[in-house]
Amino acid sequence: MVKERILISSCLLGNPVRYDGKSKAIMHPQIRLWQQQHRLLVICPEQAGGLPTPRPRAEQRGDVVITEYGEDVTQAFKRGAEAALALCQQHNIRYALLKEFSPSCGSQKINDGSFSQRRIPGMGETAKLLHAHGINVYSELTLTELISVIDQ
């Protein structure tokens with residue numbers, strides 16, 4: 001039986017790709033096992049969209065993504081989302097594990113656009129696009145749900 005492959009945010013594997021040049025590694029044995037089984041496809045949508053690391057913080061404000069300096073970076077976020085979708089389609093991926101609260105990857109909550117760390121219900125650009133194409137999006141907060149779905 002072929003095991004499901006999973007798209008994963010690069011920062012969750014400990015890669016220093018976040019806006020601040022840091023990571024948000026998940027130290028979970030299941031992640032390590034999936035890595036050993038070569039089931040993870042890794043992407044940082046923001047880097048894939050052409051943004052550097054480090055980079056200014058960005059948040060969604062309505063239909064646009066802006067940096068803390070007021071620069072509109074929506075198109076870079078959309079390019080990154082398209083790159084993530086293309087990877088999923090190319091490899092028949094039906095599940096994604098993305099970083100919650102990110103303007104790219106948040107699947108349930110994102111920051112409200114005020115750069116005050118207030119969170120609101122919403123989805124980041126990548127999570128939104130993947131979800132719209134039938135890909136099940138999880139975060140580090142719902143990892144146990146993903147594990148139960150994937151490894152039944």
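In the predicted model, Tyr 95 has a relative accessible area of 9% and is therefore buried, the cut-off being under 20%. Tyr 138, with a relative accessibility of 12%, also counts as buried. These two residues form an aromatic pair, and the structure holds one such pair. The ring centres of Tyr 95 and Tyr 138 lie 6.5 Å apart and the ring planes meet at 35°, so the pair is classed as tilted. The pair joins distant parts of the chain, with 43 residues separating its members. Tyr 95 belongs to strand E5 (residues 95-98), whereas Tyr 138 belongs to strand E8 (residues 136-139).

A second ring, that of Phe 101, is in contact with a charge rather than listed here by pairing: Arg 119 lies over the face of Phe 101, at 3.6 Å from the ring centre. Phe 101 is also part of the lining of the largest pocket, where it is among the residues nearest the pocket centre. The others nearest the centre are Arg 18, Tyr 19, Ser 102 and Pro 103.

The largest pocket has a volume of about 490 Å³ and a lining of 26 residues. By class, this lining comprises eleven nonpolar, nine charged and six polar residues. Two secondary structure elements, helix H2 (45-48) and strand E3 (58-61), each contribute at least two residues to the lining of the largest pocket.

Terms used:
Residues are numbered from 1 along each chain as its sequence is written. This is a predicted model: local features need pLDDT of at least 70, side-chain atom pairs count only at pLDDT 80 or more; totals for chains, interfaces and linings use all residues. Side-chain values use heavy atoms; hydrogens and water are left out. On a 1 Å grid over the protein atoms alone, a cavity is a set of points where a 1.4 Å probe fits but cannot get out, and a pocket is an open set with protein on both sides within 12 Å along at least five of seven lines; lining residues have an atom within 4 Å of a point. Grid points are joined across faces, edges and corners, and a volume is the space filled by probe spheres set on the points. Helices (H or I, at least four residues) and strands (E, at least two) are DSSP runs, numbered from the N terminus. Ala, Val, Leu, Ile, Met, Phe, Trp, Tyr, Cys and Pro count as nonpolar, Asp, Glu, Lys and Arg as charged, and the others, Gly among them, as polar. Rings of Phe, Tyr and Trp (its six-membered ring) pair if their centres lie within 6.5 Å; planes under 30 degrees apart count as stacked, over 60 as edge-to-face and the rest as tilted. Buried means under 20% relative accessible area, exposed over 50%, partly exposed in between (1.4 Å probe, protein chains only). A charge sits over a ring if NZ of Lys or CZ of Arg is within 6 Å of the ring centre and within 35 degrees of the ring normal.
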